[in-house]
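Me: I'm new to this structure and would like a close look at a single part of it. Could you walk me through how two helices meet, and what comes just after them?

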Amino acid sequence: MSSLQSILIRQARIILPSGEAMVGDVLTSDRHIVEVAPEIATTTPAIEIDAQGLTLLPGVIDPQVHFREPGLEHKEDLFTASCACAKGGVTSFLEMPNTRPLTTNQETLDDKLQRASNKCLVNYGFFIGATAENLPDLLTVSPTPGIKIFMGSMHGQLLIDQEALLESIFAQGRRLIAVHAEDQARILQRRQEFAGIHDPAIHSQIQDNQAALLATQLALKLSKKYQRRLHILHMSTAEEAELLRQDKPSWVTAEVTPQHLMLNTSAYETIGTLAQMNPPLRSPHDNEVLWQALRDGVIDFIATDHAPHTLEEKAQEYPNTPSGMPGVETSLAVMLTAAMAGKCTVAQVVNWMSKAVAEAYGIPNKGVIAPGYDADLVLVDLNTYRPVRREELLTKCRWSPFEGWNLTGWAVTTIVGGQIVYDKGQLNTQVRGQALSFV
């Protein structure tokens with residue numbers, strides 16, 4: 001369908017920017033929302049969607065994904081990942097630089113943007129990765145949501161584990177810095193201590209809470225020294241949450257993943273190496289402290305850290321197994337199921353997965369349902385529960401750590417830029433998202 005086509009969504013339960021819910025109608029035209037009202041009378045030809053009994057949310061913005069293209073397309077690619085996004089109600093994503101080649105300069109960023117314009121069913125943005133040599137590029141590349149620094153859990157050019165080098169990056173420029181906060185020296189030391197153990201549960205002891213805390217403390221110290229905009233990716237520990245509760249400057253934000261809220265070290269017993277990720281899963285106590293920090297605003301929003309690997313790769317013996325798990329297809333349903341269970345409200349989920357992300361990254365016209373905003377929307381069914389089934393997943397890796405979980409809030413219809421990209425199980429693969437801008 002043409003992007004000029006209007007869509008009239010009728011009698012949905014709309015989550016408004018205030019967080020309040022209203023049963024009413026939403027009209028879109030071209031790529032934008034033009035009216036939100038209890039009832040809209042229009043003579044404009046429009047596709048009408050009967051949304052009675054469904055809830056209308058702003059599309060999810062997933063601010064941390066690894067979509068593996070270029071160079072690792074056997075795990076995932078921009079097309080398959082964006083199909084999974086559309087099915088999961090994710091209408092925009094921010095992707096990480098650890099592809100092959102690495103995204104470390106304007107040329108490699110432009111290559112990703114070109115690939116995405118050809119392949120992506122949803123909107124997209126790409127981080128620039130910091131190396132020891134590319135400080136000039138970090139200051140000039142555009143458009144990008146920020147600089148990604150791997151303080152640990154990485155090898156090669158993207159590993160930045162020396163404080164002097166970290167400081168040189170924090171000291172120059174104003175662009176947001178997003179850190180993977182794990183202390184590499186402690187990880188290497190713990191790997192030696194636990195060498196020879198093949199139980200994947202040891203992963204959470206090797207890359208322990210202390211490794212995460214040490215790196216977050218260092219990033220926070222440098223951010224405060226230079227008043228540099230800092231974002232802490234996939235916060236996983238109670239200690240980090242309590243650190244930020246006591247000492248969180250106004251220019252610092254943090255995120256948490258659904259898996260660090262909902263899964264813990266007991267998952268190794270049931271799904272083995274599929275539970276292996278960086279930073280690792282933690283204890284039930286960490287789950288609860290992270291939940292409280294999220295509800296209290298100490299942690300600002302949700303990201304999936306979607307990082308797929310094939311089942312063959314995951315079937316190797318630890319520690320030869322790669323860390324990471326997929327997430328874009330299930331994140332909204334996981335969080336809405338938690339809301340229906342009383343862990344939070346639907347309005348909080350909307351804030352954590354849409355509005356707060358757009359605000360933190362300066363993404364204009366995204367994240368709320370209001371006239372003038374982009375028509376990136378998702379209709380969800382909060383009355384029906386359905387299990388996660390491997391055979392129904394669209395991610396190329398075809399597995400989920402939440403397989404078998406009975407979830408509600410699945411996307412019924414996903415709209416990107418005023419175009420229906422997913423509806424009742426069917427994808428419109430002709431739809432293309434747009435490059436995000438950052439102000």
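Reply: Here's a look at one helix pair and the loops that come after it. A quick heads-up: this is a predicted model, where local features need pLDDT of at least 70, side-chain atom pairs count only at pLDDT 80 or more, and totals for chains, interfaces and linings use all residues. Residues are numbered from 1 along each chain as its sequence is written, and side-chain values use heavy atoms, leaving out hydrogens and water.

The pair is helix H4 (residues 163–171) and helix H7 (residues 209–226), whose axes come within 10 Å and cross at roughly 40°. So H4 is oblique to H7 (angles under 35 degrees count as roughly parallel, over 145 as roughly antiparallel, 65 to 115 as roughly perpendicular and the rest as oblique). Their crossing is right-handed, meaning the near helix is turned clockwise from the far one by less than a right angle.

Who touches whom? On the H4 side you'll find Glu-163, Leu-166, Glu-167, Phe-170 and Ala-171, and they meet H7 residues including Leu-218, Leu-222 and Tyr-226 (contact means heavy atoms within 4.5 Å). The contact's residues split into seven nonpolar, one polar and four charged.

Now follow the chain into the loop between H7 and strand S12 (230–232), where Gln-227 sits. Gln-227 isn't a glycine, yet its phi is positive, about 50°. His-234, in the loop between S12 and helix H8 (238–246), also has a positive phi, about 25°, without being a glycine. Gln-227 is exposed, with a relative accessible area of 57%, whereas His-234 is buried at 2% (buried means under 20%, exposed over 50%, partly exposed in between, using a 1.4 Å probe and protein chains only).

Terms used:
Axes are lines fitted to C-alpha atoms, for helices over the stretch in contact, and angles run from 0 to 180 degrees between N-to-C directions. Helices (H or I, at least four residues) and strands (E, at least two) are DSSP runs, numbered from the N terminus. Ala, Val, Leu, Ile, Met, Phe, Trp, Tyr, Cys and Pro count as nonpolar, Asp, Glu, Lys and Arg as charged, and the others, Gly among them, as polar.
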